[in-house]
Amino acid sequence: MRALIIAAALAASGAAYAEPVNYTLDPAHTQVAFSIDRFGFNRVLGRFENVTGTMVIDEENPANSSVTATIQVASVDSSNDTRDEHIRGERWLNAAQFPTIEFRSTAVQLTGERTAEVTGDLTLLGQTHPVTLNVTLNNIGGTPNRPNDRFAGFSASGSLSRSDWGSTTAQAPNMIGNLVAIQIEALAVRAAN
């Protein structure tokens with residue numbers, strides 16, 4: 001998600017702000033999705049419905065931008081109620097003991113006119129390890145329905161090895177994969193002064 005911030009700072013054209021600007025993630029238009037291999041036959045798709053966060057976008061110095069985000073584990077939705085209960089349970093994400101997944105960016109490295117690598121600390125299952133996301137700034141400015149507000153829209157992708165965070169349930173050969181693919185679509189709105 002921090003990559004989102006970097007990209008926004010990079011691609012911002014036109015009116016540049018003299019100072020960094022605070023943005024808030026729009027939970028209605030921000031989605032964090034994941035996929036993981038199941039038995040080598042298919043990938044299970046899911047997403048988290050409750051995501052909040054803030055960004056600081058420095059359009060003049062994008063590397064100084066930052067992002068923080070919090071995911072409510074209990075909001076997981078994989079289109080199957082029984083599976084969702086398993087994912088929330090003690091053997092998987094243990095929502096009772098670890099109710100949130102948190103990301104805090106630590107570095108933004110521009111890779112193109114509208115792209116960046118955003119690295120940050122991801123806290124999951126009580127453990128914190130670095131993750132890097134590839135972020136693309138899709139647009140920054142007013143939207144057709146709210147032209148006087150300022151929005152920043154991003155797409156980000158990455159992956160993580162769940163075992164790095166201590167998740168080893170069903171990792172025998174041909175069971176549930178270790179690599180979790182992540183896809184993020186995010187919209188942030190400039191915070192009120």
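How many bridges join β1 to strand β4, and in which sense do the two run? I looked this up first in the model, which is a predicted one. Four bridges join β1 to β4 (residues 51–57), and the strands run antiparallel.

**Entry on β1**

I took one bridge pair as a reference point: T24 has T54 as its bridge partner in β4. I then turned to β11. Three bridges join β1 to β11, and these strands are antiparallel too. Here I noted Y23, which stands opposite R190 in β11.

Next I sorted the side chains of β1 by face. V21, Y23 and L25 make up the covered face, while N22 and T24 make up the uncovered one. In a regular strand, side chains alternate between the two faces of the sheet.

**Entry on T30**

I moved on to the loop between β1 (21–25) and β2 (31–38), where T30 is placed. Is T30 buried or exposed? Its relative accessibility is 3%, so I entered T30 as buried; the cut-off for buried is under 20%.

I looked for polar partners of the T30 side chain. The side chain reaches the backbone oxygen of D26 at 2.8 Å. A polar atom of the T30 side chain also lies 3.3 Å from the backbone nitrogen of L187. Setting aside neighbours within four places in sequence, I listed the contacts of T30 as L25, V51, E185, A186 and L187.

**Entry on the aromatic pair**

I searched for aromatic pairs and found one in the structure. The ring centres of F34 and F48 are 5.6 Å apart and the planes stand at 45°, so I recorded the pair as tilted. F34 is in strand β2 and F48 in strand β3 (residues 42–48), so the pair ties together parts that are 14 residues apart in sequence.

I checked the accessibility of both rings' residues. F34 counts as buried at 14% relative accessibility. F48 is buried as well, with a relative accessible area of 8%.

**Entry on the largest pocket**

F34 came up again when I looked at the pocket: F34, I36, I87, L93 and V180 lie nearest the centre of the largest pocket. Its lining has 35 residues, and its volume is about 880 Å³.

Which element gives the most to this lining? I found that β2 does, with five residues. The elements that each supply at least two lining residues are β2, β3, β5 (66–72), α2 (81–88), β7, β8, β9 and β11 (176–190).

**Entry on β7, β8 and β9**

I followed the pairing along these three strands. Strand β7 (residues 100–110) and strand β8 (residues 115–124) pair in the antiparallel sense over eight bridges. They form a hairpin, with four residues between them. As an example of the register I noted Q109, whose bridge partner in β8 is E117.

Strand β8 then pairs with strand β9 (residues 127–143), again antiparallel, over 10 bridges. This is also a hairpin, with two residues between the strands. In its turn, L125 has a positive phi of about 55°. For the register here I took L122, which stands opposite H129 in β9.

**Entry on N145**

Past β9 I stopped at N145, in the loop between β9 and β10 (146–161). Its relative accessible area is 64%, so I entered N145 as exposed. The side chains of N145 and T143 are joined by a polar contact of 2.8 Å. I also took a distance back to Q109: N145 and Q109 are 36 residues apart in sequence and 32 Å apart in space, C-alpha to C-alpha.

**Entry on S163**

Last I looked at S163, which is found in the loop between β10 and β11. How is S163 classed by accessibility? At 29% relative accessibility, S163 counts as partly exposed.

Which residues does S163 touch, not counting those up to four places away in sequence? I listed T168, Q171 and N178. I also took a C-alpha distance from S163 to L179, and the two atoms are separated by 8.6 Å. Along the chain, S163 and L179 are 16 residues apart.

Terms used. Residues numbered from 1 in each chain as written. Predicted model: local features only at pLDDT ≥ 70, side-chain atom pairs only at ≥ 80, totals over all residues. Heavy atoms only, no water. Buried < 20%, exposed > 50% of the residue type's maximum accessible area, 1.4 Å probe, protein only. Polar contact = N/O pair within 3.5 Å; in protein donor to acceptor, adjacent residues only side chain to side chain. Contact = heavy atoms within 4.5 Å. Phe/Tyr/Trp six-rings, centres within 6.5 Å; stacked < 30°, edge-to-face > 60°. Pairing = 2+ DSSP bridges. 1 Å grid on protein atoms, 1.4 Å probe; cavity = no way out; pocket = protein on both sides within 12 Å on 5 of 7 lines; lining within 4 Å. Points joined across faces, edges and corners; volume = space filled by probe spheres on them.
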